[in-house]
Amino acid sequence: MPMKTLIFDNLDGAFGKALADAWAKQGYCAIDASTKGGVASVLTEISAPHGVVFTESVIDEAALLSKAATDLDLAVDFTESIHQQIIEFLANCRAATQAMMPLKKGHVLALCVDDVAARVLGLPVSPIINHARGSAIKSLSKEYGRMGISYNTVVCQPSQEMGKKSAWRTSRDAMKVYALRYKPMKTSDFISYLLAMLDGPTAVNGGLICLGNGVMEMGP
Amino acid sequence: MTGQSSKVVLITGATRGIGRAIAERFLKEGCRLVLVYRSNKMEAAETEKILKKLDADALILQSDLTDSVACRYVVDRTVNHFGQLDILVNNAGTTYDGAFVVMRSEEYELLIRGNICAPILLSLYAAPHLITSAKAGYNSTIVMMSSMAGVTGKEGQVPYSTTKGALIGATRLLARHFGHLGVRVNALAPGFICTDMVKGLDSKMYNHVLKASASPRMGEPHEVASAAWFLASNASSYINGQVHRIDGGFMR
């Protein structure tokens, strides 16, 4: 079996960590770039990466905004955080594209957590970074999809394990926006789909794929 | 007029293209204006001339909004001059186009500051005044200027589309935060509008736009201005956190 290397920008989020574990369990290589000088640095040492995964943001923009709105002296801290995340994300996208262009294949996958369900459950929400990633991935797909690289954004509802039992119980009515008798999926359900996407035939490029139970929408 | 008379409106990027059209529209509706421009003094002088001719109650400020201090300054100056702020139109934006793989971060660093950090900062600095206005019974709003590139993505515009996508996320976030305080936040996503920004469009692309649009023509700045006015007015009082495409039915 060929060694397929996936580079993760970090393993701070539950989905990113579970995907890296599952990838390694398949006998492949999963690298946490945050412990090795970042994505660009890791890419210089790997001749043929299978793909780069941007794991879900765990920065709670709603909490940062709330603080900034209360104390305007913190407003710049908030926007600097956004600025830094976008700069890093784009730099890593560029490094990934440059590394995979000569190979004429590869995956760039951006993971996001649905901010509507996350908000209901009291989990961190990151609509700014989610939408920034989604738009960047679409543009990259249009510009470099012809090079055989597939760029996709996957937006997952929070998994069962991510929310506390009490939070799921109290949010039962709110989750009806997705479906009646809504039941959260397990992390493993999401991971199975992501593994198939990364290790199977590439039928999607430039997609903004929403995973979860019921009807999900992200943005316009 | 539709109940917005004498409202104070702060518009960024207001001396050219879509921004100027928005200024003209809000002026026509009886608003008092603060128009912010970055660098083009000739266009600012021309705008000032028009405003004088119309006997407009307006203030024109030169400011580079990529600087956070400037963002605070324009809001403070607006309130010091007019005593209130009711509507914020975050229109200013720049683009940096080209092949993404050969771009360096330093080349689009200011684009990110101007297109996403500045609108968020202005919204935060304006918020206390907008909330005061909402409490007084006015319809206080923020209008963000996103882009079709932020909705559908656009080759050759990776950093630009990223910032315009981020602005859609910011619209959702700000709308949720300020909605219960009476301040609405919405965004517009214009497609191909006849402005300097799309003047360089080659004929092949232009023809593609015509073929792919339900309304086979380029849009006019005043058409975006009408949508901005709608979102800022009482006519849209139950619309919040949304993105409206102004693209003639462009099908990608």
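Arg104(B) is partly exposed in this predicted model, because its relative accessibility is 46%, below the 50% above which a residue counts as exposed. The side chain of Arg104(B) takes part in a salt bridge with Glu106(B), with an N to O distance of 2.8 Å. Glu106(B) itself is exposed, at 56% relative accessibility. Arg104(B) also forms a salt bridge with Glu107(B), where the closest N and O atoms are 3.7 Å apart. That distance falls within the 4 Å limit, so the pair qualifies as a salt bridge. Glu107(B) is partly exposed, with a relative accessibility of 29%.

**Salt bridges**

Side chains of opposite charge can pair when their charged atoms come close. Over all chains, the count is 17 salt bridges. One of the salt bridges joins Arg113(B) to Glu80(A), and the closest N and O atoms of this pair are 2.6 Å apart. This pair crosses between chains: Arg113(B) belongs to helix α4 (residues 105-135) of chain B, and Glu80(A) belongs to helix α4 (residues 75-100) of chain A. Arg113(B) is buried, since its relative accessibility of 18% is under the 20% limit. Its partner Glu80(A) is partly exposed, with a relative accessible area of 31%. Glu80(A) and Arg113(B) also belong to a network of salt bridges that includes Glu109(B).

The pairs described above are set out with their distances in the table.

| Salt bridge | Closest N to O distance |
|---|---|
| Arg113(B) with Glu80(A) | 2.6 Å |
| Arg104(B) with Glu106(B) | 2.8 Å |
| Arg104(B) with Glu107(B) | 3.7 Å |

**Chain A**

Chain A contains eight helices and six strands. Read from the N terminus, its elements follow the order β-α-β-α-β-α-α-β-α-α-β-α-α-β. The radius of gyration of chain A is 17 Å, close to the 17 Å given by the globule rule for 220 residues, so chain A is as compact as a globular protein of that length. The C-alpha trace of chain A spans about 50 × 45 × 30 Å along its principal axes.

Of the 220 residues in chain A, 54% count as buried. Among contacts in chain A with a separation of 6 or more, 79% are between residues 24 or more positions apart. The exposed area of chain A is about 9,500 Å², of which carbon and sulfur atoms supply 53%. Chain A carries 21 positive and 21 negative charges, and the mean positions of the two sets are 9 Å apart.

Arg133(A) gives a view of the interior of this chain. The residue lies in helix α6 (residues 127-144) of chain A. Arg133(A) is buried because its relative accessibility of 6% is under the 20% limit. When neighbours within four places in sequence are left aside, the contacts of Arg133(A) include Asp9(A), Phe54(A), Thr55(A), Glu56(A) and Ser57(A). Phe89(A), Ala110(A), Leu111(A), Cys112(A) and Thr153(A) are also in contact with Arg133(A).

**Chain B**

The secondary structure of chain B consists of eight helices and seven strands. Its radius of gyration is 17 Å, which agrees with the value near 18 Å for a compact globule of 252 residues. Along the principal axes of chain B, the C-alpha trace spans about 50 × 40 × 35 Å.

Buried residues account for 57% of the 252 residues in chain B. Of the contacts in chain B with a separation of 6 or more, 75% link residues 24 or more positions apart. Chain B exposes about 10,400 Å², and carbon and sulfur atoms supply 53% of that area. Chain B has 27 positive and 21 negative side chains, with the centres of the two sets 4 Å apart.

Gly137(B) is located in the loop between α4 and β5 (140-145) of chain B. Gly137(B) is exposed because its relative accessible area, 65%, is over the 50% limit. Gly137(B) and Met251(B) are separated by 114 residues in sequence and by 40 Å in space, taken from C-alpha to C-alpha.

Note on methods:
Residues numbered from 1 in each chain as written. Chains lettered and ligands numbered in written order. Predicted model: local features only at pLDDT ≥ 70, side-chain atom pairs only at ≥ 80, totals over all residues. Heavy atoms only, no water. Helix = DSSP H or I, 4+ residues; strand = E, 2+ residues; numbered from the N terminus. Buried < 20%, exposed > 50% of the residue type's maximum accessible area, 1.4 Å probe, protein only. Rg over C-alpha atoms; globule rule 2.2 N^0.38 Å. Contact = heavy atoms within 4.5 Å. Areas by Shrake-Rupley, 256 points an atom, 1.4 Å probe, with all protein chains shown as cover. Lys, Arg positive; Asp, Glu negative; His and termini not counted. Charge placed at Lys NZ, Arg CZ, Asp CG, Glu CD.
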